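Thanks, everyone, for making the time. I would like to walk through one model this morning, and I will put the sequence and the structure up before I say anything about them.

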Amino acid sequence: MGLEQKIAQAAADMVGARKESGKRMQRGMMQHLRDGTTSRAEGPMRNVPGAYTDPERFEAEKRELFRKLPLFVGLTPDIPNPGDKLLFDAAGPSIVVVRNKAGKLNAFLNMCTHRAATLVHECDARTRMTCKFHGWTFDLDGQLIGQPGSEGFAGIDRAELGLIRVPVAEWHGMIFVRATPGDEEIDVAAYLGEFAPELAQLDFANAEHVRSSRVDVNANWKYALDTYGESYHFGALHPDTIAKFSPSDVMFYDGYAPHHRIGFPRHEMKDYAADPEETWPEIPHGGVHLLFPNTIIQVEKMSPELEFVYGFYRMFPGESVDKAYTLMSNYRPVEAKGDPDMQQWIDVHELVKQVVSTEDYSVSEGGQKNLTYAPDGFRIVYGSNEIALQRFHRKVAELIGETQD
Ligand code: FES
Ligand SMILES: [Fe+2]
């Protein structure tokens, strides 16, 4: 079956495809639980401290990853109606994504074409965008439709003064931009490859927003991202939180290079490990995904009573190589839509935020500082059990034309 067919099928039969995918994940996790093993790379890998501390590498990453690759910026339900807007400036240039009257998305530099002032400051639902400097007004397709004192610009064709386009794509409820102006389209399916059906089946188009937060960290964006890629640290770093749900150093790694998803088994799976597969309870979730380069998508049931939850955790470079921030957004699935009890979902968001900021990122900061002063010849080591980190760092190095050692 071709990729397009697989995507179409996964989207057409979302519940079935999700169950099938969950079962495959469950099988992989169970195998490791039973055997006391985990997914592994061939051996350990070393990396230079400069991968986290070198300002030149940092600039290269911003250029090659954050401004050239398609970046996930939000979900269809964030801007469902004509006039709805989404602002995104985490990759460098300020970008505004708008839904036009025909329901199609446009993205532009958020920059007035008169003297470059910021055009949109607030995400209202108005069908025109008016610059607060001299009042130039643009429609949702970026055309200049109002120009006070237009005689001062006689001789310049108005059509030339439209907003500057940025590539945008809407794909199975997900919105992507490429943060560099241009007309080249984003081929999301090609970018995702075999990972595409895994995301298409998740029904993001019908998700409902719960809450969003920003968490700052004094560490390189990759140091923050690394914490989502292994369970080796669960017992030591999260004894009272995550380790209560999932054992340390057991994970099922499902690679779709450069993307992946990981299944971290829960302790209760041991209760039915000896039973035949047909009797296992259904786990309608897909684990922790990495949408390369910077987005973690967590799709999990956080407790037996809750429906599964979607978590989108995006790491972005901060102002310098040793600073980053995470934009965390949670959504609930269509199954929970209309449920008046939003509090339990808010609690999930707050719990994840708490664990990430007080536990995971608490080590990132010290690690970052130590790497800055590490002696010549010091190398970080990623164990064979940290396979996701190994693949990720190799890919980043390849894209910026560096080696790990
Ligand atoms: S800069 Fe926008 S109208 Fe002048
Ligand atoms: Fe962690």
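**Notes on a predicted model**

Asp-249 has a relative accessible area of 24%, so it counts as partly exposed. Please keep in mind throughout that what you see is a predicted model. Asp-249 sits in the loop between α9 and β12, and its phi is near 60°, a positive value in a residue other than glycine. A second case is His-172, found in the loop between β9 and β10 (174-177), where phi is near 45° and again positive in a residue other than glycine. His-172 is partly exposed, with a relative accessible area of 31%. I mention these because most residues other than glycine have a negative phi, and most peptide bonds are trans.

On the second of those points, there are two peptide bonds to look at. Ala-257 and Pro-258 are joined by a cis peptide bond, with omega about 5°, and Pro-258 lies in the loop between β12 (252-256) and β13 (259-263). The bond from Phe-292 to Pro-293 is cis as well, with omega near 5°, and Pro-293 is placed in the loop between β14 (287-291) and β15.

Let me turn to the metal. Which residues coordinate the iron ion, ligand 2? They are His-233 and His-238, each through NE2, together with Asp-360 through OD, at 2.0 to 2.2 Å. Along the sequence these donor residues follow the spacing H-x4-H-x121-D. The pair His-238 and Asp-360 links distant parts of the chain, 122 residues apart, with His-238 in the loop between α8 (234-237) and α9 (242-245) and Asp-360 in helix α10 (residues 343-372).

Are these two buried or exposed? His-238 is buried, at a relative accessible area of 0%, and Asp-360 is buried too, at 6%. The side chain of His-238 also makes a polar contact with the side chain of His-233, at 3.1 Å. If we set aside neighbours within four places in sequence, His-238 is in contact with His-233, Ala-243, Val-355, Glu-359 and Asp-360.

Thr-227 belongs in this part of the discussion, since its contacts, again leaving aside neighbours within four places in sequence, are His-233, Asp-360, Tyr-361 and Ser-364. Thr-227 lies in the loop between α7 (221-226) and α8 and, at 14% relative accessibility, counts as buried. Its side chain reaches the backbone oxygen of Ala-224 at 2.7 Å.

Next, the internal space. The structure holds three cavities of 30 Å³ or more, and the largest of them contains about 460 Å³ of space. Of the 24 residues lining that largest cavity, the closest to its centre are Phe-234, Ile-242, Gln-298, Glu-300 and Met-302. At least two lining residues come from each of α9, β15 (295-301) and α10, and α10 provides the largest share, five residues.

Finally, helix α1, residues 3-12, whose buried residues are Ile-7, Ala-10 and Ala-11. These cover an arc of only 95° around the axis, which means that they lie on the same side of α1. The face turned away from that buried side carries the exposed residues Gln-5 and Ala-12. What do the buried residues of α1 pack against? Their partners are α2 (14-35), β9 (168-171), α5 (188-192) and α6 (196-200).

Technical notes:
Residues numbered from 1 in each chain as written. Chains lettered and ligands numbered in written order. Predicted model: local features only at pLDDT ≥ 70, side-chain atom pairs only at ≥ 80, totals over all residues. Heavy atoms only, no water. Buried < 20%, exposed > 50% of the residue type's maximum accessible area, 1.4 Å probe, protein only. Helix = DSSP H or I, 4+ residues; strand = E, 2+ residues; numbered from the N terminus. Arc of directions from axis to C-beta. Contact = heavy atoms within 4.5 Å. Donors = N, O, S within 2.8 Å, 3.2 Å for Na, K, Ca; no water. Polar contact = N/O pair within 3.5 Å; in protein donor to acceptor, adjacent residues only side chain to side chain. 1 Å grid on protein atoms, 1.4 Å probe; cavity = no way out; pocket = protein on both sides within 12 Å on 5 of 7 lines; lining within 4 Å. Points joined across faces, edges and corners; volume = space filled by probe spheres on them.
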